[in-house]
Amino acid sequence: MRYLGLDLGTKTLGVSLSDRLGLIASTYKTIRFNENDYESALNQLEEIISEFKVEKIVLGLPKNMNNTVGERGEDTLSFRDALVRRTGLEVILWDERLTTVASEKVLMES
């Protein structure tokens, strides 16, 4: 099963793809778009999904440390809804809190 990983910003969308077994993800590309205008990003994602036969999408959800969803989180939820409507695929939300800290720890240890 191939996964598509997404990290949504205000003007960019980071895209990663898993291998065919769904075990290892690698950076694929960065999609640039006008601020909060997701139409062109969604068009490009549809092409990627079709080309690589993606079955599930993982979308980073920025949450506040107190577990609330702020403005960026709300934008991400709206993007998720548009993505589900356009692709029909399951979109798994991934809590992004402390992911940078965890990544830095792994890098320091290696």
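**Exercise 1. Place Ser16 in the chain and decide whether Ser16 is buried or exposed.**

Solution. Start with the location: Ser16 sits in strand β2, which covers residues 12-18. The model is a predicted one. Next, take the relative accessible area of Ser16, which is 19%. Buried means under 20%. Ser16 therefore counts as buried. Finally, list the neighbours, leaving out residues up to four places away in sequence: Ser16 touches Tyr3, Leu4, Gly5, Ala25, Ser26, Thr27 and Tyr28.

**Exercise 2. State how many helices and strands the chain has, and give their order.**

Solution. The count comes to three helices and five strands. Reading from the N terminus, the order of elements is β-β-β-α-β-α-β-α. Two values describe the chain as a whole. Of its 110 residues, 29% count as buried. Its exposed area is about 7100 Å², and carbon and sulfur atoms supply 51% of that area. For contacts, take those between residues at least 6 apart in sequence: 54% of them join residues at least 24 apart.

**Exercise 3. Describe how helices α1 and α2 pack, and name the residues that make the contact.**

Solution. Helix α1 spans residues 39-52 and helix α2 spans residues 71-87. Their axes are 11 Å apart and meet at an angle of about 45°. An angle under 35 degrees would count as roughly parallel, and one from 65 to 115 as roughly perpendicular. The angle here fits neither range, so α1 and α2 are oblique to each other. The crossing is right-handed. On the α1 side, the contact is made by Glu39, Leu42, Asn43, Leu45, Glu46 and Ile49. On the α2 side, the residues are Phe79, Ala82, Leu83, Arg86 and Thr87. Sorted by class, the contact has six nonpolar, two polar and three charged residues.

**Exercise 4. Compare the settings of Thr76 and Ile57: which element holds each, and what does each touch?**

Solution. Thr76 belongs to helix α2, whereas Ile57 belongs to strand β4. The relative accessible area of Thr76 is 0%, so Thr76 is buried. Ile57 also has a relative accessible area of 0% and is therefore buried. For the contacts, residues up to four places away in sequence are again left out. Thr76 touches Leu8, Leu59, Gly60, Leu61 and Pro62. Ile57 touches a list of residues that includes Leu4, Leu6, Leu89, Glu90, Val91 and Ile92. Also among the neighbours of Ile57 are Ile49, Leu83 and Thr87, three residues that take part in the contact between α1 and α2. One distance completes the picture: the C-alpha atoms of Ile57 and Arg2 are separated by 8.8 Å, although these residues lie 55 residues apart along the chain.

**Exercise 5. Find what is unusual about the phi of Lys53, and say where Lys53 lies.**

Solution. Begin with the general rule: most residues other than glycine have a negative phi. Lys53 is not a glycine, yet its phi is positive, at about 55°. Lys53 lies in the loop between α1 and β4. Its relative accessible area is 63%, so Lys53 is exposed.

**Exercise 6. Sort Val69, Lys11 and Trp94 into buried, partly exposed or exposed.**

Solution. Exposed means over 50% relative accessible area, buried means under 20%, and partly exposed lies in between. Take the residues in turn.

- Val69 is in the loop between β4 (56-61) and α2. Its relative accessibility is 31%, so Val69 is partly exposed. Beyond residues up to four places away in sequence, Val69 touches Lys63, Asn64, Glu74 and Leu77.
- Lys11 is in the loop between β1 (3-8) and β2. At 47% relative accessibility, Lys11 is therefore partly exposed. With the same exclusion of residues up to four places away, Lys11 touches Ile31, Arg32, Phe33 and Glu35. The C-alpha atoms of Lys11 and Ile31 are 8.4 Å apart, with their positions 20 residues apart along the chain counted as separation.
- Trp94 is in strand β5, residues 90-95. Its relative accessible area is 52%, so Trp94 is exposed. From C-alpha to C-alpha, Trp94 and Lys63 are 9.7 Å apart in space and 31 residues apart in sequence.

Definitions and conventions: Residues are numbered from 1 along each chain as its sequence is written. This is a predicted model: local features need pLDDT of at least 70, side-chain atom pairs count only at pLDDT 80 or more; totals for chains, interfaces and linings use all residues. Side-chain values use heavy atoms; hydrogens and water are left out. Axes are lines fitted to C-alpha atoms, for helices over the stretch in contact, and angles run from 0 to 180 degrees between N-to-C directions. Helices (H or I, at least four residues) and strands (E, at least two) are DSSP runs, numbered from the N terminus. Angles under 35 degrees count as roughly parallel, over 145 as roughly antiparallel, 65 to 115 as roughly perpendicular and the rest as oblique. A crossing is left-handed if the near helix is turned anticlockwise from the far one by less than a right angle, and right-handed if clockwise. Contact means heavy atoms within 4.5 Å. Ala, Val, Leu, Ile, Met, Phe, Trp, Tyr, Cys and Pro count as nonpolar, Asp, Glu, Lys and Arg as charged, and the others, Gly among them, as polar. Buried means under 20% relative accessible area, exposed over 50%, partly exposed in between (1.4 Å probe, protein chains only). Accessible areas come from the Shrake-Rupley method with a 1.4 Å probe; for residues, only the protein chains shown count as cover.
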